[in-house]
Amino acid sequence: MKFVHFFLWLLFLVTVLASEYSKDEHVFELTPKNFEKVVYNTNFTTVVKFYAPWCGYCKQLAPIYHKLGKYFHKDTQLAVNVAGVDCDKQANKELCSRFRIQSFPTIMVFRPPKYSREKPPTKPLRHASEVYSGERSFKAISSFATSRIKNYVPRFHSADSPSLHKWFNLYPELAHVLLISKSHSVSPLMKSLAVDFLSSVQFGMLTADSIPESLSVDGAEIDVTGDVPLLAYFDRENQKFVYYDRSEKLNNKTKISQWIIDVTGSVPLDGPLSKREVKNAKYRSGKKTTHEMDEL
């Protein structure tokens, strides 16, 4: 009987002290062996929670963090990874010491360096890190992480803008995708698409309060009859624009990414359809699914 009690107690202890995110399909479980691959070998921003399984405050934050992982990984698929480090594990103590973790939970945000097309990196670059000291709520943490997504989408105020025509002729070897919208800010989804296709596609945004039915950009006509926002790829060879399905809302990143791949022949560096995502999937359980979000 004593053995049974001891076994049950041991089983309970193992369950309580198990890594919080070992079974969460939306959160990376980081170790010194995979930290560089997941955090540094990407143009994504990464939110990392350093925790201990016995920590009461860590357990209080766990439901919010699970929700955070699902939000970024499944619901919106923005250019943000969510990860955790179990500092109670002996193998991870060096990693927690490296970042001078002194209390639990500690949330850190790792921001990628600016990507250069002139000098693309040949090896993973160190990301800038900062300790998150804001409110421990889903809204506050998700807003902070979203604000740290790099923006590679220039915004133009007129189809006659010299800067827009200059942009179309900058890096002619790259595909150019233009969003036409009445919005005056670049959405997190648009920023994330630009991050995914950094090495092969240029993204721009044309903003106008009153958009005419047709526009001429770089010698090609854009048909803007109907509702905006409108996403268009500039087919340089045939001097025409190819449009994303006008019947589709611009809120599903995977569908938009597949369209970009189909019309441009480009391969994303990051994101749901990239080889990097497939390789890194082993550091979290389960499979990704798609979901819709707010429009571009």
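Which residue lies over the face of phenylalanine 35? Arginine 98 does, at 5.9 Å from the ring centre. The model is predicted. This briefing covers aromatic contacts, strand pairing, the largest pocket and one residue in a helix.

**Aromatic pairs**

- The count of aromatic pairs comes to 16.
- One of them joins tryptophan 54 and phenylalanine 104, with 5.9 Å from centre to centre and 80° between the planes, an edge-to-face arrangement.
- That pair links distant parts of the chain, since its members are 50 residues apart. Tryptophan 54 is in the loop between β2 (45-51) and α3 (56-75), and phenylalanine 104 is in the loop between α4 (93-98) and β4 (106-111).
- Phenylalanine 104 has 26% relative accessibility and therefore counts as partly exposed, because the partly exposed class runs between 20% and 50%.
- Tryptophan 167 and phenylalanine 168 also form a pair, with ring centres 4.9 Å apart. Their planes stand at 70°, so this pair is edge-to-face, because the cut-off for that class is over 60 degrees.
- Both partners are on the buried side of the 20% limit: tryptophan 167 has 6% relative accessibility, and phenylalanine 168 has a relative accessible area of 0%.

**Aromatic cluster and charges over rings**

- Phe35, Tyr40, Phe50, Phe99 and Phe110 form one aromatic cluster.
- Phenylalanine 35, the ring under arginine 98, is a member of this cluster.
- Arginine 246 is placed over the face of tyrosine 243, and its distance from the ring centre is 4.5 Å.

**Strand β4 and its neighbours**

- Strand β4 is largely enclosed by the rest of the structure, because 5 of its 6 residues are buried.
- β4 runs antiparallel to β2, and 5 bridges join the two.
- In this pairing, phenylalanine 110 of β4 has threonine 46 opposite; phenylalanine 110 also belongs to the aromatic cluster.
- β4 also pairs with strand β5 (residues 128-131), in the antiparallel sense and over 4 bridges.
- Here methionine 108 has valine 131 of β5 opposite.

**Five-stranded sheet**

- An open sheet of 5 strands follows the order β6-β8-β7-β11-β12, and its pairing is mixed.
- At the edges are β6 (155-156) and β12 (240-243), each of which pairs on one side only.
- Tyrosine 243, the ring under arginine 246, falls in the range of edge strand β12 (240-243).
- Within the sheet, strand β7 (residues 175-181) pairs with strand β11 (residues 230-235) over 4 bridges in the antiparallel sense.
- Leucine 231 in β11 has leucine 179 opposite.

**Largest pocket**

- The largest pocket holds about 280 Å³ of space.
- Its lining has 18 residues, and those nearest its centre are Asn43, Tyr115, Pro121, Lys123 and Arg276.
- By class, the lining divides into 8 nonpolar, 6 polar and 4 charged residues.

**Glycine 56**

- Glycine 56 has its place in helix α3.
- With 40% relative accessibility, glycine 56 counts as partly exposed.
- Glycine 56 and proline 105 are 49 residues apart in sequence, while their C-alpha atoms are 9.3 Å apart in space.

Key. Residues numbered from 1 in each chain as written. Predicted model: local features only at pLDDT ≥ 70, side-chain atom pairs only at ≥ 80, totals over all residues. Heavy atoms only, no water. Phe/Tyr/Trp six-rings, centres within 6.5 Å; stacked < 30°, edge-to-face > 60°. Buried < 20%, exposed > 50% of the residue type's maximum accessible area, 1.4 Å probe, protein only. Lys NZ or Arg CZ within 6 Å of the ring centre and 35° of its normal. Pairing = 2+ DSSP bridges. 1 Å grid on protein atoms, 1.4 Å probe; cavity = no way out; pocket = protein on both sides within 12 Å on 5 of 7 lines; lining within 4 Å. Points joined across faces, edges and corners; volume = space filled by probe spheres on them. Nonpolar A, V, L, I, M, F, W, Y, C, P; charged D, E, K, R; others polar.
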